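Here is a short report on a single protein chain. It goes from the sheet to the cores, then to charged and aromatic pairs.

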Amino acid sequence: MASPARKSKPATIEDLLAIPEEERRHEIIDGELVQKAQPSFTHGRGQARLGARISDPYDRPSGRRGPGGWWIVVDVEIELAPNEIYRPDLVGWRRDRVPEPPKEWPVRIRPDWVCEVLSPNNRSNDRVRKYRKYHRYALPHYWLLDPIDETLTVFRWTEPGYLVALIAERGERVRAEPFEAVELDIDELFGDADEDEPTEG
């Protein structure tokens with residue numbers, strides 16, 4: 001009689017560290033080591049455009065040339081649990097809750113905001129698996145930027161599940177929580193917007 005197959009041991013930080021640093025573009029999701037997709041041009045541009053629009057007014061002490069009050073970074077590993085280590089495209093912490101920039105690796109302080117930019121072969125990870133874990137660990141704000149559908153979806157944490165606070169598509173300008181002081185031109189995130197029109201006000 002054949003013995004039952006052993007369940008593989010959940011991946012941990014040691015498995016990440018075993019990957020050469022120059023090749024380490026991985027996450028651990030539900031205990032599974034998952035390689036992130038290589039970013040396409042549209043993925044990288046959307047990430048850069050959105051990061052610039054949010055970082056400039058917010059990634060600074062409060063009251064200095066904008067609302068400030070946040071630490072905003074890209075591609076930093078966060079550990080929600082020993083077998084849940086993610087590398088969001090954009091992530092932020094409120095400075096009133098986290099007065100000093102996190103220095104540990106991976107960062108174990110729960111973020112206040114995460115944005116994932118969807119790629120064709122990782123959509124289910126961001127939309128289902130990580131979505132569930134971000135809710136389980138009570139991340140207040142979760143954004144999905146989708147270069148394929150050219151949409152921005154903004155989720156707000158509530159106890160029963162994430163609430164869709166906003167869905168925006170090309171042709172729209174929106175103010176999305178928790179960064180309402182900035183007007184986002186969805187065309188600008190996915191292409192070229194009319195440079196003559198103001199994007200804040």
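Is R156 buried, exposed or partly exposed? R156 is partly exposed, with a relative accessible area of 31%. Here buried means under 20% relative accessible area, exposed over 50%, and partly exposed in between, using a 1.4 Å probe and protein chains only.

This is a predicted model: local features need pLDDT of at least 70, side-chain atom pairs count only at pLDDT 80 or more, and totals for chains, interfaces and linings use all residues. Residues are numbered from 1 along each chain as its sequence is written, and side-chain values use heavy atoms, with hydrogens and water left out.

## Sheet and helices

Six strands make up an open sheet. Their order is β3-β6-β7-β8-β9-β10, with mixed pairing. Strands (E, at least two residues) and helices (H or I, at least four) are DSSP runs, numbered from the N terminus. Two strands pair if DSSP finds at least two bridges between them. β3 (70-74) and β10 (163-169) stand at the edges with a single partner strand each, so one side of each has no neighbour in the sheet. From one strand to the next, the twist averages 15°.

Strands β7 (residues 113-117) and β8 (residues 141-146) run parallel and are joined by five bridges. C115 stands opposite W143 in β8.

Two helices pack on this sheet. Helix α2 (residues 41-58) touches β3, β6 (90-94), β7 and β8. Its direction makes about 140° with that of β8. Helix α3 (residues 123-136) touches β7, β8 and β9 (151-156). The direction of α3 makes about 180° with that of β8. Contact means heavy atoms within 4.5 Å. Axes are lines fitted to C-alpha atoms, for helices over the stretch in contact, and angles run from 0 to 180 degrees between N-to-C directions.

## Nonpolar cores

A nonpolar core is a set of buried Ala, Val, Leu, Ile, Met, Phe, Trp, Tyr and Cys residues joined through side-chain atoms within 4.5 Å. The largest one has 23 residues. L50, W113, W143, L145, F179 and L184 have the most contacts inside it. At least two residues of this core come from each of α2, β3, β7, β8, β9, β10 and α4 (186-190).

L184 touches L50, R53, I54, W143, L152, E172, R173 and V174, leaving aside residues up to four places away in sequence. Another core, of 18 residues, lies apart from the largest. V34, V114, Y134 and L144 are among its members.

## Salt bridges

The structure holds 23 salt bridges. Each is a side-chain nitrogen of Lys or Arg within 4 Å of a carboxyl oxygen of Asp or Glu. Three are listed here.

| Pair | Closest N to O |
|---|---|
| D89 and K36 | 3.6 Å |
| E150 and R170 | 3.2 Å |
| R156 and E177 | 2.7 Å |

D89 forms its salt bridge with K36. D89 sits in the loop between β5 (84-86) and β6, and K36 in the loop between β2 (32-35) and α2, so the pair ties together parts 53 residues apart in sequence. Both D89 and K36 are buried.

E150 and R170 meet through their side chains. E150 lies in the loop between β8 and β9 and R170 in the loop between β10 and β11 (173-174), so this pair ties together parts 20 residues apart in sequence. E150 is partly exposed at 26%, and R170 is partly exposed at 33%.

R156 bonds to E177 in a salt bridge. R156 belongs to strand β9 and E177 to the loop between β11 and β12 (184-185), 21 residues apart. E177 counts as buried, at 15% relative accessibility.

A network of salt bridges links D30, E32, E84, R129 and K133.

## Aromatic pairs

There are 13 aromatic pairs in the structure. Rings of Phe, Tyr and Trp (its six-membered ring) pair if their centres lie within 6.5 Å; planes under 30 degrees apart count as stacked, over 60 as edge-to-face and the rest as tilted.

Y131 and F155 are edge-to-face, 5.2 Å centre to centre with 80° between the planes. Y131 is in helix α3 and F155 in strand β9, 24 residues apart. Y131 is partly exposed at 22% relative accessibility, whereas F155 is buried at 9%.

The ring centres of Y142 and F155 are 6.0 Å apart and the planes are at 25°, so this pair is stacked. Y142 lies in strand β8 and F155 in strand β9, so the pair ties together parts 13 residues apart in sequence. Both residues, Y142 and F155, are buried.

Ring pairs join Y86, Y131, Y134, Y142, F155 and Y162 into a cluster.
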